[in-house]
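I sat down with this one over coffee and kept notes as I went. Here is what I looked up, in the order I did it.

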Amino acid sequence: MNLLRFTTAGSVDDGKSTLIGRLLYDSKAIFDDQLDALHRASLRRGEEQVNLALLTDGLRAEREQGITIDVAYRYFATPHRSFIIADTPGHVQYTRNMVTGASTAQVAVILVDARQGVVEQTRRHAYLAALLGLSHLVFAINKMDLVGYEQAAFERVKSALEEVTTHLAPTAKVHYLPLAALHGDNVVERSERLPWYEGPSLLELLETLDAPEQAGPARFPVQYVIRPQSPDFPDYRGYAGRVVGAPLHVGERVVALPSGLETEITGIETMDGPLEVAEPGRSVTVLVKDDLDLSRGDLLAPVAAPPTTAQELTVTLCWLSTTPLRLNARYRVRHTSREVLGMVTGIDFVVDIETLEQAPADGPLTANAIAQVRLRLAAPLFVDAYTANRTMGSLILIDESSHVSVGAGMIEAS
């Protein structure tokens with residue numbers, strides 16, 4: 001069944017967790033014991049109705065504060081499609097969790113309170129979702145019940161959102177839906193209380209969105225070398241990893257990086273048996289013809305279409321730490337399964353979240369800032385532009401002393 005990964009985003013109290021709870025409840029994706037637990041939890045909180053938001057607010061702190069802190073993943077399916085939802089937090093200090101949830105998604109559902117309209121987090125999340133290359137931005141204008149289900153209120157918010165989206169990447173398709181997650185209006189079924197809206201419900205839309213995987217040449221970052229050295233497999237040497245980009249074929253000529261030596265794929269193995277072709281996203285073990293010295297962090301790529309080798313990168317960076325970025329300081333740069341040292345040597349511009357326009361940097365990058373920076377590496381990486389391949393074009397900056405991920409980057413050029 002066709003799988004769609006989508007993330008929810010938006011500001012605090014815009015109703016993200018309630019929307020997901022309603023989506024699961026109305027599509028009958030909640031087990032009876034889960035529903036009983038929700039009833040009991042809601043009663044303990046003194047709430048008369050079942051609080052569907054508790055279904056995704058899994059952490060105790062979240063339940064106590066009534067907010068979403070961590071990324072909560074949920075799976076459900078309809079007769080038409082299966083889904084993985086990443087419910088991300090709305091507070092600005094948890095932007096890193098939003099980036100984490102959106103990094104593997106194909107679609108972003110960004111909630112907007114119909115009473116509040118566009119706020120800073122709306123712009124931030126829309127911009128990040130577009131930067132991360134998501135195929136569709138679905139603006140769910142929520143709490144229509146609190147504005148009398150009036151079309152004029154919806155149109156006001158939609159008009160403000162259209163001004164925001166004019167600054168975003170043109171590759172993302174944009175959709176606008178009025179809904180009331182608390183009551184289930186336009187979540188799974190179209191609502192009679194919104195007769196002026198002629199579009200699909202949220203679930204109907206999600207069931208029909210096309211979200212093609214990125215094309216481009218095959219890439220195989222080596223994650224682990226399998227050498228059992230047992231009597232049954234004395235000479236076995238396989239390379240485990242996940243295929244990204246285009247499919248990988250048995251018989252294909254590939255180059256091993258960084259050595260640059262060429263070889264041929266002689267086998268592709270999985271727990272379910274051998275394959276002739278490994279599709280993108282598939283985790284497999286690859287066997288090659290020649291006895292090469294490959295290890296974790298190395299890369300196999302088609303001889304005819306290798307990635308770019310670079311030690312200088314231009315990167316769009318989302319700074320995630322409360323400790324400001326230190327120019328020319330050492331950070332660990334993690335890219336696929338490879339890790340090297342690097343430093344940010346300059347900031348080309350920062351993005352003004354209010355206007356989404358570029359502005360000169362007037363100081364070090366602070367938490368949740370988005371900027372284009374220049375990155376110098378101690379050893380080369382084998383990269384593609386983020387627009388061509390989301391896996392090969394993304395990287396993470398890690399603080400050497402604390403081992404905390406402090407920045408998420410998208411490679412623009414090398």
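**Domains first**

I began with the division of the chain, which gives domain 1 (3–208), domain 2 (220–302) and domain 3 (308–411). I kept in mind throughout that this is a predicted model.

Next I looked at how domain 2 and domain 3 sit relative to each other. Their C-alpha centres lie 30 Å apart. I found that domain 2 puts twelve residues into the contact, and domain 3 puts in seven residues.

**Cavities**

How many cavities of 30 Å³ or more are there? I got three. The largest cavity has a volume of about 50 Å³.

I then listed what lines this largest cavity: Pro 221, Gly 297, Asp 298, Leu 299, His 335, Thr 336, Ser 337, Arg 338, Phe 382 and Met 392. Sorted by class, I have four nonpolar, four polar and two charged residues in that lining.

Where does the largest cavity lie with respect to the domains? Domain 2 (220–302) and domain 3 (308–411) both contribute lining residues, so I place the cavity between them.

**Nonpolar cores**

I turned to the largest nonpolar core, which has 77 residues. Which of its members touch the most others? My notes say Phe 6, Val 109 and Leu 206. Domain 1 (3–208) and domain 3 (308–411) each supply at least three residues to this core. Apart from it I found another core, of 25 residues, including Trp 319, Leu 325, Ala 329 and Leu 377.

I went back to Phe 6 for a closer look, skipping its neighbours within four places in sequence. Phe 6 is in contact with Leu 23, Phe 76, Phe 83, Ile 84, Ile 85, Ala 86, Ala 105, Val 107, Val 109 and Leu 206. So two of the hubs I had just written down, Val 109 and Leu 206, turn up among the contacts of Phe 6.

**Aromatic pairs**

I counted six aromatic pairs in the structure. In one of them, Phe 76 and Phe 83 are stacked, at 4.8 Å centre to centre with 20° between the planes.

Are these two rings buried or exposed? Phe 76 has a relative accessible area of 2%, so I marked it as buried. Phe 83 comes out at 0% relative accessibility and is buried too.

I also checked Trp 319 and Tyr 331. Their ring centres are 5.8 Å apart and their planes stand at 80°, so I noted this pair as edge-to-face.

Notes. Residues are numbered from 1 along each chain as its sequence is written. This is a predicted model: local features need pLDDT of at least 70, side-chain atom pairs count only at pLDDT 80 or more; totals for chains, interfaces and linings use all residues. Side-chain values use heavy atoms; hydrogens and water are left out. On a 1 Å grid over the protein atoms alone, a cavity is a set of points where a 1.4 Å probe fits but cannot get out, and a pocket is an open set with protein on both sides within 12 Å along at least five of seven lines; lining residues have an atom within 4 Å of a point. Grid points are joined across faces, edges and corners, and a volume is the space filled by probe spheres set on the points. Ala, Val, Leu, Ile, Met, Phe, Trp, Tyr, Cys and Pro count as nonpolar, Asp, Glu, Lys and Arg as charged, and the others, Gly among them, as polar. Domain bounds come from an automatic or database domain assignment. A nonpolar core is a set of buried Ala, Val, Leu, Ile, Met, Phe, Trp, Tyr and Cys residues joined through side-chain atoms within 4.5 Å. Buried means under 20% relative accessible area, exposed over 50%, partly exposed in between (1.4 Å probe, protein chains only). Contact means heavy atoms within 4.5 Å. Rings of Phe, Tyr and Trp (its six-membered ring) pair if their centres lie within 6.5 Å; planes under 30 degrees apart count as stacked, over 60 as edge-to-face and the rest as tilted.
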